[in-house]
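Student: I have a new structure open and I'd like to learn how to read it. Could you walk me through it, starting with the empty spaces?

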Amino acid sequence: MPETQARPVLEAPEQAVTRNPPKVKLSTWIWLGSAVLAALVAGFIAPTLMPSRAFQILAAFGVFIAVVGARTTFGFYSELAGRIRGWREEPVRHHKLSAAPGLIFCGMLAFILLGVLFWPSPHIANYNYALTGCGALFVLFVLPPLYRASAAFGRRLETAPRWVRPAFLCVAMVLALLVQLRLGYALQVLPGWDAGAVAESAFGVADGSKSTIYDYFNMYPNNLAITVALTRYSQVMVALGVPSGGLLYAAIVLNCVVLCTAILLTYLCARQLVNEGAAVFTLLPSALYLVLSPYISVVYSDSVGILFPVLLFYLHLKAVRAGRWQVKLVLWTLLGAVTAVGYNLKPTAAFATAAIIGVYALEYLFRNKSALHKLRALVGVLAATAIGFTATNTAMWVDIKAQSYVGFNVDQNTKAFPWTHFLMMGATGIGAFTQSDVNGTAAIQDPTERYQHGLEVYAQRVSDMGYPGYLQFIDRKAVWTFGDGSFHTWGEGLLLNQKDPFPIKDPLSNKIKDYLWGNGAHFDLMTGVWQSGWLALLFLVALPLRVRSPRLLTSSAAIMRWSLLALTLFLLFFETRPRYLYLYVPFFILLATLTLSALTTPSHGRRSILSAASTNPDEKAPLKL
């Protein structure tokens, strides 16, 4: 009798296993066939528009994705239209005081984007604006199906054995690094601007061909930190047997490792903010801007500095989620230490820390806790961060001053350019480097007079333009800064006056230079792809201005937008270049991913065609501090 009772239980799984799988509908086959046909047609047409075989294949694949995912795209933008129409009805569960600066940034970015599209600056790279505009629309058309595919793959990773996710991530990082190393090998050349001065000085000290560094660094002591760090790294390479001629590539290897680490941190942040699928999606824009990096061979604060804002953000996510207060204090102290390193390499990296502290303090003050509890928590966070920053900053400058090859007394240096010099340069031309301003500042011997000179010239230039003219100047400056998806690569120095300044001449390297060198045969196509993707990212980052969602108005999103708002305001008034945005590219990627994620959740009780629901509870409510 017990056996007969158990029989149905034992047979049920067997019946489930032997059940016939569902048949694929005829309409699905027709849809796939249409996508293949459209891709073939695109492949035949592409050679008339672009000579590069690689881009022809890319275009055909993009058309295939667009046709296959057309229903997904239609559902996505239907959801977007509904959110925009009903944006005032959407609940805002995030404190308005911390959300407001971020929404101000979204408004500024939307205004700048309109200027880029319809009133572009003549100083931006020589883009075909009609083609890049169409390219941006095409990117926005294929992003929803790509996000859905990433979400589906992410769900597979979440349900797979525990070793699968780290294995996948390890394989992805290794592949990215191998590609970067090969690209960097082909593009070995010293830049003809500040990055070249830093690298040449570091390599010269490391191999013994230079005993002191002086002329450039006494005017720009802010570059001493990266020079000393690169010198020490190069000395290690020399000790390991790397010849003088190989130091540039050794530095490029370091740059590639830093860029890969930024990709990894962006992935991990997206995993914590949304889910595994969103993290997988970040690999796509990261591949475009960090693997195929416009600054793959430029070892300077803009490329090396890309690590710090996203690392600071990651440490913050870990700190607010840590259970024990001892762990929290250690993480906040580490955050302060990382801030000190980032600040000395690229001062604008510290905007991330300022945003973290600002949002944390503002939101914590409005929590339902006793005043004593709030005070104790805020004082603990501020003290730990300050201790980490002060100790690391002091140690760094003690080490810098102790280097015998620094040929001047850092404490008694009277030739350093004051901040007013960069304010002055930011109010002329397009707000970038001006040699006449440099000559004028350098000619003034008295530091106080030099400081005052910058303020007076700045005030005079603003007065000459008038306030309406100055506002128009700032608008043009913002369009130039944000409007170049290549981040003005190869736009500085005199390298473009040479046909091929690279020592590596093998066939594969020559092919790489065709795409990534400023005078390459297909460089215009590459910059067009960068620009199209960049315009699409900016559109998604600006969308929360009119799209309300708890997922878009979290503390974490506010931190990233506060950081970018501070960076934007700084660049509007001081010296600027498109490459000054590069270290915050991970924030742009994360914010665009958050927008895509938010629009996969239906509003007003509707069911979205995108069924990539998250399993992460943090994305359904603001991040709790």
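**Reading the spaces and the helices**

Tutor: Let's start inside. The largest cavity has a volume of about 110 Å³. Keep in mind that this is a predicted model.

Student: How does anyone find empty space in a model, and how many cavities of 30 Å³ or more turn up here?

Tutor: Rolling a probe the size of a water molecule over the atoms shows where empty space is left. Searching the whole structure this way gives five cavities of 30 Å³ or more.

Student: Which residues lie nearest the centre of the largest cavity?

Tutor: Pro-191, Trp-193, Tyr-295, Val-298 and Trp-490 do, out of 14 residues in the lining. Sorted by class, that lining has eight nonpolar, five polar and one charged.

Student: What about the open spaces? How much space lies in the second largest pocket?

Tutor: About 1200 Å³. The second largest pocket has 39 lining residues, and those nearest its centre are Tyr-220, Asn-222, Pro-347, Phe-422 and Glu-575. The lining divides into 25 nonpolar, eight polar and six charged residues.

Student: Which helices supply at least two residues of that lining?

Tutor: α14 (325–345), α15 (350–365), α17 (419–425), α18 (435–442) and α22 (555–573). For the wider view, the chain has 23 helices and zero strands. Of its 625 residues, 53% are buried. And among contacts with a separation of 6 or more, 82% join residues 24 or more positions apart.

Student: How do I check a helix against its expected length?

Tutor: Compare the end-to-end distance with what 1.5 Å a residue predicts. Helix α3 (residues 53–68) has 16 residues, so it should span 22 Å, and its end C-alpha atoms are 23 Å apart, which agrees. Now try α14: with 21 residues, it reaches 30 Å from first C-alpha to last, close to the 30 Å expected.

Student: Which residues of α14 are buried, and what do they pack against?

Tutor: The buried ones include Leu-331, Trp-332, Leu-335 and Val-338. The buried residues of α14 pack against α9 (224–239), α12 (301–304), α13 (307–321), α15 and α16 (371–402). In α3, the buried residues are Phe-55, Gln-56, Ala-60, Gly-62, Ile-65 and Ala-66.

Student: You mentioned α9. Can we zoom in on one residue there?

Tutor: Sure, take Leu-230, which sits in helix α9. Leu-230 has 4% relative accessibility, so it counts as buried. Leaving out residues up to four places away in sequence, Leu-230 touches Val-198, Ala-199, Ala-202, Phe-203, Ala-251 and Val-299. One of these, Ala-199, is 31 residues from Leu-230 in sequence, yet their C-alpha atoms are 7.4 Å apart in space.

Student: And backbone angles? What should I look for in phi?

Tutor: Most residues other than glycine have a negative phi, and most peptide bonds are trans. Keep that in mind for Phe-487, which is not a glycine but has a positive phi of about 55 degrees. Phe-487 is in the loop between α19 (447–482) and α20 (507–516).

Student: Is Phe-487 buried or exposed?

Tutor: Buried, because its relative accessibility is 0%. Trp-490 is found in the loop between α19 and α20 too, and has a positive phi of about 60 degrees although it is not a glycine. At 14% relative accessibility, Trp-490 counts as buried because the cut-off is under 20%. You have met Trp-490 already: it is among the residues nearest the centre of the largest cavity.

Methods: Residues are numbered from 1 along each chain as its sequence is written. This is a predicted model: local features need pLDDT of at least 70, side-chain atom pairs count only at pLDDT 80 or more; totals for chains, interfaces and linings use all residues. Side-chain values use heavy atoms; hydrogens and water are left out. On a 1 Å grid over the protein atoms alone, a cavity is a set of points where a 1.4 Å probe fits but cannot get out, and a pocket is an open set with protein on both sides within 12 Å along at least five of seven lines; lining residues have an atom within 4 Å of a point. Grid points are joined across faces, edges and corners, and a volume is the space filled by probe spheres set on the points. Helices (H or I, at least four residues) and strands (E, at least two) are DSSP runs, numbered from the N terminus. Ala, Val, Leu, Ile, Met, Phe, Trp, Tyr, Cys and Pro count as nonpolar, Asp, Glu, Lys and Arg as charged, and the others, Gly among them, as polar. Buried means under 20% relative accessible area, exposed over 50%, partly exposed in between (1.4 Å probe, protein chains only). Contact means heavy atoms within 4.5 Å. The expected span of a helix is 1.5 Å times one less than its number of residues.
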